[in-house]
Amino acid sequence: MEWNPSTGWKKIEGTDTGYPNGVAVSPDGEWVYIASWATGEIIKVSRGKEEVEREDMPLNFLPDNLTWRANGGLFIGGQEVTLAEFLECDTTEGCNTPSKVAEYNTITGKISDILSYSDTSVFGGASSALDVGNEIWVGTYKGDRIARFDKGDLISTWIKRILGY
């Protein structure tokens, strides 16, 4: 749905999905990106075209929110579990919800993992990610904290992983 002060509410065709948590619109207004939490995918839908274009991009986690990056990509914050695992865990005392942040490249259509981490007693259940200087800040649906990750440390980890260390 979108709202306009002169015309009111209007359905955006092609946007039906399960639990659309995060929504982002391209700077030119031609595309809507939806984090479809329950289906574990990002959905890209055209706006203002005669025939609606829709692309469903499956993920290996439950995407919660989308945030634009300065490089034109979209950060995707979410929980690195299946829907069944999440529902079981969410009702179990002391159950951990692993977190994930990925980036969707709006030019190439490629989705790349940025970071992944296990839940702790202090922080877990990622819901959003944001570029802040030399850090990536991650929000949670489970509490009142923000996790901060140094980009330099992440790059070092990626290089070690590539080289097999």
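**Sheets, cores and an aromatic cluster**

Strands β8 and β9 run antiparallel and are joined by six bridges. Within this pairing of the predicted model, Phe75 stands opposite Glu103 in β9. Both strands belong to an open sheet of four, ordered β7-β8-β9-β10, with antiparallel pairing. Its edges are formed by β7 (62-68) and β10 (111-117), each of which pairs on one side only. On average, and with direction ignored, neighbouring strands of this sheet are turned by 25° against each other.

A further open sheet contains three strands in the order β11-β12-β13, again with antiparallel pairing. Here β11 (126-132) and β13 (146-150) are the edge strands, each pairing on one side only. The average turn between neighbouring strands of this sheet, direction ignored, is 25°. Strand β12 (residues 135-140) is held to β13 by five bridges in the antiparallel sense, and Trp137 stands opposite Arg148 in β13.

Turning to the interior, the largest nonpolar core comprises 13 residues, and Tyr33, Ile42, Leu66, Leu74, Ile76 and Tyr104 have the most contacts inside it. At least two residues of this core come from each of β4 (31-36), β8 (74-79) and β9 (99-104), with β4 giving the most, namely three. Leu66 offers a good view of the surroundings: beyond its neighbours within four places in sequence, its contacts include Val23, Tyr33, Ile34, Ile42, Leu74, Phe75 and Ile76. A second, separate core has 12 residues, among them Tyr117, Phe123, Ala129 and Leu154.

Aromatic rings add another layer to the picture. Six aromatic pairs are found in a search of the whole structure. One of them brings together Tyr19 and Trp37, whose ring centres are 5.9 Å apart and whose planes meet at 80°, so the pair is edge-to-face. Because Tyr19 lies in the loop between β2 (8-10) and β3 (20-25) and Trp37 in the loop between β4 and β5 (41-46), the pair ties together parts that are 18 residues apart in sequence. Tyr19 is exposed, with a relative accessible area of 57%, whereas Trp37 is buried at 11%.

Phe86 and Tyr141 form a tilted aromatic pair, at 5.6 Å centre to centre and 55° between the planes. This pair links distant parts of the chain, with Phe86 in helix α1 (residues 83-90) and Tyr141 in the loop between β12 and β13, 55 residues apart. Phe86 is buried, with a relative accessible area of 9%, while Tyr141 is partly exposed at 31%. Ring pairs link Tyr19, Trp37, Phe86 and Tyr141 into a cluster. Elsewhere, Lys44 lies over the face of Trp31, 4.3 Å from the ring centre.

Technical notes: Residues numbered from 1 in each chain as written. Predicted model: local features only at pLDDT ≥ 70, side-chain atom pairs only at ≥ 80, totals over all residues. Heavy atoms only, no water. Core = buried A, V, L, I, M, F, W, Y, C linked by side-chain atoms within 4.5 Å. Buried < 20%, exposed > 50% of the residue type's maximum accessible area, 1.4 Å probe, protein only. Contact = heavy atoms within 4.5 Å. Pairing = 2+ DSSP bridges. Axes fitted to C-alpha atoms, helices over the stretch in contact; angles between N-to-C directions. Phe/Tyr/Trp six-rings, centres within 6.5 Å; stacked < 30°, edge-to-face > 60°. Lys NZ or Arg CZ within 6 Å of the ring centre and 35° of its normal.
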